[in-house]
Amino acid sequence: MAYEMEEIRLGQEIFYYLLKHHELSEEDREPLYRAYAQQEQIQNLVKSQGELAECDIERYGNVIYLIPKEENTFLGFSKAGLKQALCKSTGTDRDYYLSQFVILTLLTEFYDGQGATCKTRDYMRAGELLNCISDRLKEGCERYGEEEEERAGIAFSDMAQAYEALKSDEKGTRTKTTKEGFLYHILHFLQKQGLVEYVEADEMIKTTKKLDNFMDWNLLNQNRFQRIKRVLEGPK
């Protein structure tokens, strides 16, 4: 298929905008958004550039997103980079997996995948999330033995040990060696990615439209989230 020079220029401009901002809505740049949404040739050009950059370009609702693929550590995050951002300086793999478990717990508390939208609540407080994490780790350890953990793919006992190794401090500490500080840094990381809003004064956590769209249109359409949810909830 032959492309006009103006189509190529527009496709490059849209992709460059997505590289800088990771999303493009009609409110941001209406001409660019409409060019992508209404012209198949330009959409194909942008998606092709995304493939070369190891990214998916998806339109959910009225927003176009650039989503780095899992192996893309240039535009996304490597395991080492996430561990450094989320865990204490001496953090081990079990600390890293605990941080991912915290994020999964947050997702399952806000979304259940049922109805017109998968979102089930508007906010939760940090203290409530800490209680949920503690309860789910305890339930997981009681429910799964070592062999069952291996089959489930979640090492509850290792994560529970990492969680209990964190101190408990209700004085508003931000150090990653406490439960409160550990959660604080995870929430701020998610906030920097535009996925949650964390109101520190009220210790209130809210999800953003970006995360709501991603959960409604992407993650909850995939079997892996349902598998994770079944593991967290246990056998019926």
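Here is a chat between two people going over a predicted model.

Colleague: Start me off with the basics. How many helices and strands does the protein chain have?

Modeller: The secondary structure comes to eleven helices and six strands. Keep in mind that this is a predicted model.

Colleague: And what share of the residues counts as buried?

Modeller: Of the 236 residues in the protein chain, 41% count as buried.

Colleague: What about contacts between residues 24 or more positions apart? What percentage do they make up?

Modeller: They account for 53% of the contacts in the chain with a separation of 6 or more.

Colleague: OK, helix packing. How do α4 and α5 sit against each other?

Modeller: Helix α4, residues 79-86, packs on helix α5, residues 93-110, at an angle of about 80 degrees, and their axes are 10 Å apart. That makes α4 roughly perpendicular to α5.

Colleague: Which residues meet there?

Modeller: From α4 you've got Lys79, Leu82, Lys83 and Leu86, and they meet Asp93, Tyr96, Tyr97, Ser99 and Gln100 from α5. By class, that contact divides into four nonpolar, two polar and three charged residues.

Colleague: Ser99 caught my eye. Is it buried or exposed?

Modeller: Ser99, which is found in helix α5, has a relative accessible area of 0%, so it counts as buried.

Colleague: What does Ser99 touch, apart from residues up to four places away in sequence?

Modeller: Ser99 touches Leu86, Cys87, Phe182 and Ile186. Leu86 is also one of the α4 residues in the α4 and α5 contact.

Colleague: Now α5 with α8. What's the angle?

Modeller: About 95 degrees, with the axes of α5 and α8 (residues 156-165) 9 Å apart. The two helices are therefore roughly perpendicular to each other.

Colleague: Which residues are involved?

Modeller: On the α5 side, Arg94, Asp95, Tyr97, Leu98 and Phe101. On the α8 side, Phe156, Asp158, Met159, Gln161, Ala162 and Tyr163. The class split for this contact is seven nonpolar, one polar and three charged residues. Tyr97 turns up here, and Tyr97 is also listed in the contact with α4.

Colleague: Switching to empty space. How many cavities of 30 Å³ or more does a search of the whole structure find?

Modeller: One. The largest cavity has a volume of about 40 Å³.

Colleague: What lines the largest cavity?

Modeller: Cys87, Lys88, Asp95, Leu98, Ala162, Leu166, Lys176 and Phe182. Those divide into five nonpolar, no polar and three charged residues. Asp95, Leu98 and Ala162 in that lining also take part in the contact of α5 with α8. Cys87 and Phe182 line the cavity too, and both are touched by Ser99.

Colleague: And the second largest pocket? How much space lies in it?

Modeller: About 370 Å³. Its lining has 20 residues, and Ala126, Leu130, Asp169, Glu180 and Glu203 lie nearest the centre. The elements giving two or more residues to the lining are α6 (126-143) and α9 (179-192).

Colleague: Which element gives the most?

Modeller: That's α9, with five residues. By class, the pocket lining has seven nonpolar, five polar and eight charged residues.

Colleague: Back to Glu203 for a second. Where is it?

Modeller: Glu203 is in the loop between β5 and β6 (204-207). With a relative accessible area of 42%, Glu203 is partly exposed. Glu203 also has a positive phi of about 50 degrees, although it isn't a glycine.

Colleague: What about the phi of His22?

Modeller: His22 has a positive phi of about 70 degrees, and His22 isn't a glycine either. His22 sits in the loop between α1 (5-21) and β1 (23-25), and at 28% relative accessibility His22 counts as partly exposed.

Colleague: Last one, Leu195. Where is its place?

Modeller: Leu195 is in the loop between α9 and β5 (196-199). Leu195 counts as partly exposed, at 22% relative accessibility; the buried class is under 20%.

Colleague: And what is Leu195 in contact with, beyond its neighbours within four places in sequence?

Modeller: Leu190, Thr207, Thr208, Lys210 and Leu211. Take Thr207: Leu195 and Thr207 are twelve residues apart in sequence, and 6.1 Å apart in space, C-alpha to C-alpha.

Note on methods: Residues are numbered from 1 along each chain as its sequence is written. This is a predicted model: local features need pLDDT of at least 70, side-chain atom pairs count only at pLDDT 80 or more; totals for chains, interfaces and linings use all residues. Side-chain values use heavy atoms; hydrogens and water are left out. On a 1 Å grid over the protein atoms alone, a cavity is a set of points where a 1.4 Å probe fits but cannot get out, and a pocket is an open set with protein on both sides within 12 Å along at least five of seven lines; lining residues have an atom within 4 Å of a point. Grid points are joined across faces, edges and corners, and a volume is the space filled by probe spheres set on the points. Helices (H or I, at least four residues) and strands (E, at least two) are DSSP runs, numbered from the N terminus. Ala, Val, Leu, Ile, Met, Phe, Trp, Tyr, Cys and Pro count as nonpolar, Asp, Glu, Lys and Arg as charged, and the others, Gly among them, as polar. Axes are lines fitted to C-alpha atoms, for helices over the stretch in contact, and angles run from 0 to 180 degrees between N-to-C directions. Angles under 35 degrees count as roughly parallel, over 145 as roughly antiparallel, 65 to 115 as roughly perpendicular and the rest as oblique. Contact means heavy atoms within 4.5 Å. Buried means under 20% relative accessible area, exposed over 50%, partly exposed in between (1.4 Å probe, protein chains only).
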